[in-house]
Each structure stands twice: as C-alpha cells, then as structure tokens.
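Welcome! Let's take a friendly walk through a protein structure, one region at a time. Have a look at the model first, then read on.

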Amino acid sequence: MNKKTHSYPSVLTIAGFDGIGGAGIQGDIKTISALGCYATSVLTALPVQNTRGVQSVYPIPADVVEAQLRAVLDDVFPDAIKIGMVHTTAIVDSIVNTLQQYPKVPVVFDPVMVSTSGHRLLEDSTIAVIVKKLFPLAAVITPNLDEAAVLTGVSIHTVDDMQAAGKKIIELGARSVLLKGGHLNAIKLTSLYFTGDGQIQEFSFEKIDTPNTRGTGCTLSSAIVSYIARGSSLSDAVALAQEYVHQAILNGKDAHVGRGNGPLNHFFDPQKLIINS
C-alpha cells in the first residue's frame with residue numbers, strides 16, 4: 001500500500017461551462033492549474049457560446065448541482081472556493097445550504113450576470129436571492145461595471161461613479177468588493193477594492209489594446225481564490241491576482257483564437273503543482 005505523504009492547495013470552482021475554453025469552468029481550471037493549485041469543479045449551467053457571444057443557456061438542475069458539490073466536498077476538500085455563474089434561485093439555495101456547513105472555507109463570488117459580448121446571463125428573480133444569501137457567504141465579490149450597475153441600479157462611467165457603486169454594494173451586505181473597471185472609457189484600467197471597514201484601495205494598469213479579453217472576470221476571481229488557497233491574505237491575493245490577469249492579457253494580446261473576443265493566455269508562466277508536506 002502506497003503511503004500518502006503530501007497534498008496540494010485545492011480550489012473548487014462552481015461555475016458554468018465554456019466550450020471555447022477561455023471563460024467559465026474551463027477558464028477557472030486553467031487559472032487554478034497555472035497557479036500551482038489542484039482544481040475541482042461543479043457545473044451549474046451549460047451556455048451555448050463561442051468567442052462571438054452566447055446563443056442560449058441551459059441550467060443544470062439544482063439537485064444535480066448539490067449532488068456534485070457534496071461529492072467533491074466529501075472527497076477532495078477545498079482550501080478555498082470560487083463561485084461563478086449561478087443561473088437560478090434554486091441553484092443559489094442549493095449552494096448556500098451546502099456551503100453554510102463549512103463556514104471556515106474562504107469563498108470568492110464572481111457575480112456573472114453579463115457576458116463579455118453583452119448577453120444577460122442571469123434571471124432577474126435570482127438577483128435578490130444572490131444579494132441576500134450569497135453576499136454574506138463570500139469573503140469578496142468581484143463585479144464588473146455592468147454587473148455593479150445591475151446590482152445598484154446606477155450607471156457607472158467614471159472612477160467617482162465606481163466609488164459610489166462600490167459603497168452601495170457594501171451596504172447591500174458584501175463583506176468586501178473588488179469593482180473591476182475594465183469597461184471604463186479611459187486610458188488606464190482602474191479597479192477599486194472596498195472593505196467592510198470603509199477602506200478603499202485603488203489598482204491601476206495601462207490598458208492593453210486587444211480584443212482578447214474573454215474570461216477576464218472568471219480568471220481574476222479564480223486567481224484570487226488560488227492565491228488564498230496558497231496562503232496569501234485576502235488583500236494580497238487581490239493584488240497578486242490583478243497582476244496575473246494583466247500579464248495573461250499582455251501575453252495573449254496578439255493570439256488568434258476564434259472570430260470574436262479571444263481568451264487570455266492563462267499559461268504565460270505556468271507553475272508546477274505546489275506540494276504541501
């Protein structure tokens with residue numbers, strides 16, 4: 001009998017499918033793997049999509065989502081969990097009811113509501129349930145400007161608008177918020193990190209001229225959760241993840257993958273699986 005001597009930092013992603021492989025559960029697995037962690041996954045939805053957009057979305061039944069989740073948690077227990085696309089209220093309830101039993105596991109929630117191509121991915125009736133039940137569960141939520149506008153009902157066009165929107169999302173019950181400013185019409189890409197105690201940290205990067213930004217939000221949230229699983233603090237994980245995404249965009253900016261918004265280069269500097277003794 002072989003003696004097991006070590007483990008890997010384990011990350012569970014709960015997300016939707018992407019047949020193109022740049023976003024969703026496939027993008028998550030690539031990111032987690034590239035950062036030296038072991039990826040497990042639970043599928044919540046089957047979008048029919050490619051680099052040019054989403055044609056339709058087929059949700060996975062909530063009892064099947066819960067069965068997947070319990071199977072993973074009973075076997076390869078995660079050091080941290082990322083939640084992405086949750087398409088129905090029933091799926092939200094299944095996830096929350098299960099994860100509430102494991103309050104010590106850090107959760108990163110990427111509220112996937114609008115695709116890169118502008119397709120609305122979330123049922124309106126699900127938003128209130130997400131705010132009430134998922135926000136308190138997550139250590140950080142990572143909306144983009146379109147998603148923040150859906151959550152707050154306010155249009156966001158400037159960094160000042162971002163400041164107001166982020167504070168409103170904290171007031172909705174989020175413990176911390178990383179508001180991604182990639183859609184701002186500005187020379188620099190600015191993101192703001194809001195904590196529950198009123199602190200705001202600004203991150204700025206030069207914008208990269210490329211259409212290859214598919215799965216940026218999925219990648220960012222997966223990078224945050226991977227760095228948490230590796231032992232970083234939440235604030236450090238947020239900073240490290242944004243640098244990783246910036247480099248993944250930079251190193252994939254000239255690649256031709258598909259006819260629309262191409263993916264990032266998740267493997268620009270892949271790391272070996274980290275060994276925990």
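## The opening strands

A hairpin of 2 residues links strand 2 to strand 3. Keep in mind as you look that this is a predicted model. Strand 2 and strand 3 (residues 53–59) are antiparallel and pair over 6 bridges. One of the pairs to look for is Asn50 with its bridge partner Gly53 in strand 3.

Strand 2 (residues 38–50) also pairs with strand 1 (residues 10–16); these two run parallel and are joined by 7 bridges. Here Thr13 has Ser41 in strand 2 as its bridge partner. What kind of unit do strand 1, helix 1 and strand 2 make? Together with helix 1 (residues 24–34), the two strands make a right-handed β-α-β unit.

## Two nonpolar cores

Now let's look inside. The largest nonpolar core has 44 residues, and Ile14, Ile83, Val86, Leu99, Phe109, Leu134 and Phe135 have the most contacts inside it. Apart from this core lies another, of 27 residues, including Ile32 and Ile224.

Leu134 is a good residue to zoom in on: further along or back in the sequence, it touches Ile83, Val86, Val92, Val96, Phe109 and Val129, not counting residues up to four places away.

## Helices 4 and 5

Leu134 is also one of the buried residues of helix 4 (residues 124–134), alongside Thr126, Ile127, Val129, Ile130 and Val131. These buried residues pack against strand 4 (80–83), helix 3 (89–99), strand 5 (107–109) and helix 5 (145–152).

In helix 5, the buried residues are Leu145, Glu147, Ala148, Leu151 and Thr152. Seen down the helix axis, they fall within an arc of 160°, so they line one face of helix 5. Among the elements that cover them are helix 4, helix 6 (159–171) and strand 7.

Both ends of helix 5 are worth a look. At the N-terminal end, Asn144 acts as a cap, with a side-chain oxygen 3.1 Å from the backbone nitrogen of Asp146. After helix 5 comes Gly153, which has a positive phi, near 75°.

## A lysine in a loop

Our last stop is Lys180, in the loop between strand 7 (176–179) and strand 8 (188–195). Is Lys180 buried or exposed? Its relative accessible area is 10%, and buried means under 20%, so Lys180 counts as buried.

The side chain of Lys180 makes a polar contact of 3.5 Å with the side chain of Asp110. Not counting residues up to four places away in sequence, Lys180 touches several others too, including Asn144 and Leu145.

Key: Residues numbered from 1 in each chain as written. Predicted model: local features only at pLDDT ≥ 70, side-chain atom pairs only at ≥ 80, totals over all residues. Heavy atoms only, no water. Helix = DSSP H or I, 4+ residues; strand = E, 2+ residues; numbered from the N terminus. Buried < 20%, exposed > 50% of the residue type's maximum accessible area, 1.4 Å probe, protein only. Polar contact = N/O pair within 3.5 Å; in protein donor to acceptor, adjacent residues only side chain to side chain. Contact = heavy atoms within 4.5 Å. Pairing = 2+ DSSP bridges. Right-handed = clockwise from strand over helix to strand, strands pointing away. Core = buried A, V, L, I, M, F, W, Y, C linked by side-chain atoms within 4.5 Å. Arc of directions from axis to C-beta.
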